[in-house]
Amino acid sequence: MPPIPPRIIYTPRYTIHALGLDRLHPFDIRKHRRAFRLLRERLGAADLSRRWVRPRREASRDELLAVHTEKYLDSLRHAATIAGILEVPPVAYLPGALLDRCVLRPMRWGVAGTIVACREALAHGGAINLSGGYHHASADRGEGFCVYDGVVIALRVLRASGGFPADGRLIYIDLDAHQGNGVARDLMADRTAFILDMYNADIYPGDREARRRIDCDLPLRMGTRGATYLATLESELPRFLDAVHRPGIATLAIYNAGTDPYEGDALGGLRLSAEDIFTRDRMVVTELTRRGVPWVMLPSGGYSAESYRMVAASAAWALGAMDEGPQGR
């Protein structure tokens, strides 16, 4: 099979303006920008520009309403609501309009990037959005630093616009260290969507209701190391894909590639090395490509200083410029 020509989706508008969040929460709010700069160093500006697609606008309210309720979106006008979602109580004392401009708007640009990435993947075989994967948000609430469910918004926007058939299949692979409960809740009634979720079952969110929706449920114990993690994925991922993929039926895969299983992560509780993360990402993309399934990769969670480097390493390999792994980063 000839190499696919994936696209990279990025805009500087992804960057959340600090407002002190960088001192109060371990999420690297500059991760998107740092990963893009590192990609440009590795690929060269000319090569990257041929692959780079910029979202033209943030996600609209109508697009957000494809998943979220009016009541929930209206609640985001209140700083206390946003503080609860971000898990940063002092944010409640900031003006709601400021939070919308500095925090929520960058996240809406990230949702728009996921929509664009899905369209590009369907056209070109693969796409990497350097924002997105906020998998704890669901129709009527946000939590865990996740405000909008960009995965399901993108699916429904594509279907409504005719860009993806109503009976087309979504394969959702979530390898963030945290259970993707929001996406599972929003796909609860969608029988054209199939979910594989491998996560640390000993940490947040522990959502039993959402867990019932997972088709391939792979809970891990605290401290699971790379060898066990990769052996489980190598065994279960092909089996899952073979069970749900049907040649001739339109299919799109969205891969939530959180880097928080990394051993140096502040929140994930797993023990994967940077090499393990790279091997994991390469395994997922290779298995999907082998079956001819268009794929989107989202960076999701990552709470270490090395997160952006791991995102860039996997993206560079997927863009075809790096096949030796993350050495030399």
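These entries record what I looked up in a predicted model, beginning with its nonpolar core and ending with its aromatic pairs.

**Entry 1. The nonpolar core**

I began with the largest nonpolar core, which has 115 residues. I asked which of its residues touch the most other members. They are L130, Y148 and I173. I then looked up where the core draws its largest share, and found helix α7, residues 96-124, which supplies 12 residues.

I followed L130 further and set aside its neighbours within four places in sequence. The remaining contacts of L130 are I8, I9, Y10, Y14, H32, A35, F36, L39, P299 and V311. I noted Y10, Y14 and F36 in that list, as these three residues return in the aromatic entries below.

**Entry 2. The second largest pocket**

I next examined the second largest pocket, which encloses about 200 Å³ of space. Its lining consists of 14 residues. Which of them lie nearest the centre? I recorded R61, L73, D100, R108 and Y148. Y148 was already in my notes as one of the core residues that touch the most other members.

By element, α4 (61-64) and α7 each give two or more residues to this lining. Helix α7 gives the most, with five residues. I also sorted the lining by character: seven residues are nonpolar, five are charged and two are polar.

**Entry 3. Y10 and F36**

I turned to the aromatic pairs, of which the structure holds five. Why is the pair of Y10 and F36 classed as stacked? The ring centres are 4.3 Å apart and the planes stand at 15°, so the pair meets the stacked class, for which the planes must be under 30 degrees apart.

I located Y10 in the loop between β1 (7-9) and α1 (21-24), and F36 in helix α2, residues 31-43. The pair thus links distant parts of the chain, 26 residues apart. Both Y10 and F36 are buried. I further noted that Y10 and F36 belong to one aromatic cluster with Y14 and W52.

**Entry 4. F278 and W317**

I looked up a further aromatic pair, F278 and W317, and found it to be edge-to-face, with 6.4 Å from centre to centre and 80° between the planes. F278 sits in helix α12 (residues 274-290) and W317 in helix α13 (residues 307-318). This pair also links distant parts of the chain, 39 residues apart.

Are these two residues buried or exposed? F278 has 2% relative accessibility and therefore counts as buried. W317, at 18% relative accessibility, also counts as buried, because the cut-off is under 20%.

Technical notes:
Residues numbered from 1 in each chain as written. Predicted model: local features only at pLDDT ≥ 70, side-chain atom pairs only at ≥ 80, totals over all residues. Heavy atoms only, no water. Core = buried A, V, L, I, M, F, W, Y, C linked by side-chain atoms within 4.5 Å. Buried < 20%, exposed > 50% of the residue type's maximum accessible area, 1.4 Å probe, protein only. Helix = DSSP H or I, 4+ residues; strand = E, 2+ residues; numbered from the N terminus. Contact = heavy atoms within 4.5 Å. 1 Å grid on protein atoms, 1.4 Å probe; cavity = no way out; pocket = protein on both sides within 12 Å on 5 of 7 lines; lining within 4 Å. Points joined across faces, edges and corners; volume = space filled by probe spheres on them. Nonpolar A, V, L, I, M, F, W, Y, C, P; charged D, E, K, R; others polar. Phe/Tyr/Trp six-rings, centres within 6.5 Å; stacked < 30°, edge-to-face > 60°.
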